[in-house]
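Visitor: I'd like a close look at a single part of this protein rather than a tour of everything. Could you pick one strand and walk me through its surroundings?

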Amino acid sequence: NLDVQRVAGYSNFCNKLWNATRFAFMYIQDKGSSQAFRPGALPVSLSLGTSGYGEPVRADLPSLPDAWILSRLSEVVDEVDRLMKDYQIALASEAIYTFWYKELCDVYLEAIKPVMQLDGSSVSNAAVKHATQTVLHCCLHYGLRLLHPFMPFVTEELYHRLCLLTGEPRKTIMNATYPVPGGIAALRSPPAEEAMDTIFKVSGSIRSLRATYLKGALEKHAPQIYIVCRNAATAAIISSQTETVGALARSSKSPPPAGIHLVPAGCAAPRGCATEVLDKDTEVHIFLKGVVDFSKEVARLQKEAAGVASRLEKLQKKMQAADYATKCPAATQVRPVAPRIACPWPRLARLACSPPSWQAGWPAGRLAAAAAVTAAAAATAVTAAAAAAAARITSPPVKISTFGITDGSRLGA
């Protein structure tokens, strides 16, 4: 069956491809320059801190976003080659779509904005910009050739313009070699992809916190960001990539943060921050003192906590009914039991410790202790609910993980 919405989506993708590529051309061609762009050789060697084993993590490219996008390009070339050989045409087109839309356009073009805004009159800045422009040119060249069999007309026109941008005569993309695994495989960089995943988590957390607390007229506010990181390797990555984090933490309506600060070991973020705990080692704090009305925020959190508790109570009553095991289909009992009972508890635990931290301004130690106590109570309740549910159903019990009970948004001291 032909899905009309899918056709409309790919029509929009054509517009995205055209606009994003034309935008990328402005990055490659320096403003005010009449000279054609000459791609250089990809530079080498950038330290990305140390791995969890104490070994240096290196990427053979000048910056982390450059290393990451070329690693992703290498991966998609390999994946498309494999899928085409297996005649999985739809999956191959989906892989190319994901690379263009979600990685090249949505991430890389945003991540390199700080580099593209450097003053090119400096020799060092000009070298950094040219290296990134070379990487961008490489991605466009490979990306258009990958996409051509699926979207021949728009890629043909864009390829002509890419040739003119580098001073080459117009030539058809149909005569260009289709990308295959080989030399490009050397661009694979798992350390760069792992490091970039850390940047994604941090920048995504900042966007989430801003969307939660800075609404309406406050969307234009540029807050200070404080990051607490207890892992030396992760801290080194974040410290070296604050500009990348800032570029990815903005949205179409909100500017980049005013500043991103890595809190020194043994210190705490300032009071008056909204906080999201990413994992056991990393916390993101957004400074809101003087911007958000704390009393209204406390009332909102209490209302949200009451709503979550009410939904949880209703779910528990349904599961404790005598005829639950006979009336409810077995498949429905198995799948929703764990997530529907377990999921509200972490959120309830966070909400329960949030208002006191705003009202009383608890020190970080007391707040952590309160969160731990609440999390322990939540874990006990989750385990008990799961055991009761498993006893009433004939299917194998669902294994519930209580890790991350204290993860997510809470309000810092």
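Guide: Here is a look at strand 3, with a bit of context around it. Keep in mind that this is a predicted model. The protein chain has 413 residues, and 44% of them count as buried. Its fold comes with 14 helices and seven strands. Of the contacts with a separation of 6 or more, 74% are between residues 24 or more positions apart.

Now for the strand itself. Strand 3 covers residues 224–229, and because five of its six residues are buried, the rest of the structure largely encloses it. Buried here means under 20% relative accessible area.

What does strand 3 pair with? One partner is strand 4, residues 259–263, which runs parallel to strand 3 and is joined to it by five bridges. To find this pairing on screen, start at Gln-224 and look for its bridge partner in strand 4, Gly-259. Strand 3 also pairs with strand 6, residues 282–287, again over five bridges, but in the antiparallel sense. A handy marker there is Ile-227, whose bridge partner in strand 6 is Val-284.

For contrast, try Tyr-87, in the loop between helix 2 (64–85) and helix 3 (89–111). Tyr-87 is exposed, with a relative accessible area of 70%. Its phi is positive, about 60°, even though it isn't a glycine. Most residues other than glycine have a negative phi.

As for the outside as a whole, the protein chain exposes about 21100 Å², and carbon and sulfur atoms supply 57% of that area.

Technical notes
Residues are numbered from 1 along each chain as its sequence is written. This is a predicted model: local features need pLDDT of at least 70, side-chain atom pairs count only at pLDDT 80 or more; totals for chains, interfaces and linings use all residues. Side-chain values use heavy atoms; hydrogens and water are left out. Helices (H or I, at least four residues) and strands (E, at least two) are DSSP runs, numbered from the N terminus. Buried means under 20% relative accessible area, exposed over 50%, partly exposed in between (1.4 Å probe, protein chains only). Contact means heavy atoms within 4.5 Å. Accessible areas come from the Shrake-Rupley method with a 1.4 Å probe; for residues, only the protein chains shown count as cover. Two strands pair if DSSP finds at least two bridges between them.
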